Amino acid sequence: MKNFDEALIQYSPMISAIIRKLHIYRDYDAFRQVGKIALWQACQRFDESKGDFTPFAFRSIHGAMLDELKKESRFSSRFAVTENEAFEWISDDRIEDGLPEWLDAQLFSESEYVLLDDLFVKGKSLSELAVSSCISLSGMKKRRERVLKKVKATIASSTLK
């Protein structure tokens with residue numbers, strides 16, 4: 001697709017149909033926006049030599065909305081609103097405020113310690129960290145692997161003492 005505005009006009013009914021098909025009954029505007037973003041991304045990625053645009057757009061929009069539903073489901077499983085609309089958030093007990101005390105920052109470089117903090121305390125994804133560090137996703141996976149090997153070695157050496 002060359003022009004996104006034309007595609008948006010043409011495929012807006014498809015976005016609405018997918019919202020109905022997935023039985024989305026709240027946050028219509030947010031899901032409509034997710035559909036528009038997915039349509040824009042589909043317009044950017046589409047290769048005419050591989051087939052028609054319509055099925056590609058449908059799968060892209062449908063997949064993006066399913067991803068958003070999964071994110072909401074994960075969020076709602078971790079957080080709950082208490083009674084009387086007090087809006088006190090109860091988080092998952094496994095989430096801590098920082099890295100454990102036994103994980104001595106002196107054994108790790110500053111970048112390794114920050115990586116551990118970002119991954120396991122702040123809950124950032126590898127793709128987010130790769131973008132913020134300006135490296136590839138595979139490079140970030142390698143960094144994580146090296147740091148986790150170092151953590152395992154630290155654990156193994158502390159249990160042998």
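This briefing describes the overall make-up of one protein, the packing of its helix α1 against two other helices, and a few individual residues. The model is a predicted one. Its secondary structure amounts to six helices and two strands, and along the sequence these elements follow the order α-α-α-β-β-α-α-α.

**Overall picture**

- Of the 161 residues in the protein, 26% are buried.
- The accessible surface of the protein is about 11900 Å², and carbon and sulfur atoms contribute 53% of that area.
- Among the contacts in the protein with a sequence separation of 6 or more, 51% are between residues 24 or more positions apart.

**Helix α1 against helix α2**

- Helix α1 covers residues 4–21 and helix α2 covers residues 28–45; the two pack at an angle of about 135°, with 9 Å between their axes.
- Because angles from 35 to 65 degrees and from 115 to 145 degrees fall outside the parallel, antiparallel and perpendicular classes, that angle makes α1 oblique to α2.
- The crossing in which α1 passes α2 is right-handed.
- On the α1 side the contact is formed by F4, A7, L8, Y11, I15, S16 and I19, while α2 brings Y28, F31, R32, G35, K36, L39, W40 and C43 to the contact.
- Sorted by class, the residues where α1 meets α2 are eleven nonpolar, two polar and two charged.

**Helix α1 against helix α3**

- Helix α3 spans residues 53–78, and α1 packs with α3 at an angle of about 45°, their axes lying 10 Å apart.
- The pair α1 and α3 is therefore also described as oblique, and α1 passes α3 in a crossing that is right-handed.
- In α1, the residues that meet α3 are Y11, M14, I15, I18, I19 and K21, and their partners in α3 are F53, T54, A57, F58, I61, H62 and M65.
- The contact of α1 with α3 consists, by class, of ten nonpolar residues, two polar residues and one charged residue.
- Y11, I15 and I19 of α1 appear in the contact with α2, and Y11, I15 and I19 are likewise listed in the contact with α3.

**Residue R32 in helix α2**

- R32 lies in helix α2, where a relative accessibility of 27% places R32 in the partly exposed class.
- Leaving aside residues up to four places away in sequence, R32 touches I15, S16 and I19, and these three residues are among those that α1 contributes to its contact with α2.
- Although R32 and I61 are separated by 29 residues in sequence, their C-alpha atoms are 9.7 Å apart in space.
- I61 itself is one of the α3 residues that meet α1.

**Two residues with a positive phi**

- Most residues other than glycine have a negative phi.
- D27, which is not a glycine, nevertheless has a positive phi of about 55°; D27 sits in the loop between α1 and α2 and is partly exposed, with a relative accessible area of 37%.
- C134, also not a glycine, has a positive phi of about 60°, and its place is in the loop that runs between α5 (residues 126–133) and α6 (residues 137–160).
- With a relative accessible area of 72%, C134 counts as exposed.

Note on methods:
Residues are numbered from 1 along each chain as its sequence is written. This is a predicted model: local features need pLDDT of at least 70, side-chain atom pairs count only at pLDDT 80 or more; totals for chains, interfaces and linings use all residues. Side-chain values use heavy atoms; hydrogens and water are left out. Axes are lines fitted to C-alpha atoms, for helices over the stretch in contact, and angles run from 0 to 180 degrees between N-to-C directions. Helices (H or I, at least four residues) and strands (E, at least two) are DSSP runs, numbered from the N terminus. A crossing is left-handed if the near helix is turned anticlockwise from the far one by less than a right angle, and right-handed if clockwise. Contact means heavy atoms within 4.5 Å. Ala, Val, Leu, Ile, Met, Phe, Trp, Tyr, Cys and Pro count as nonpolar, Asp, Glu, Lys and Arg as charged, and the others, Gly among them, as polar. Buried means under 20% relative accessible area, exposed over 50%, partly exposed in between (1.4 Å probe, protein chains only). Accessible areas come from the Shrake-Rupley method with a 1.4 Å probe; for residues, only the protein chains shown count as cover.
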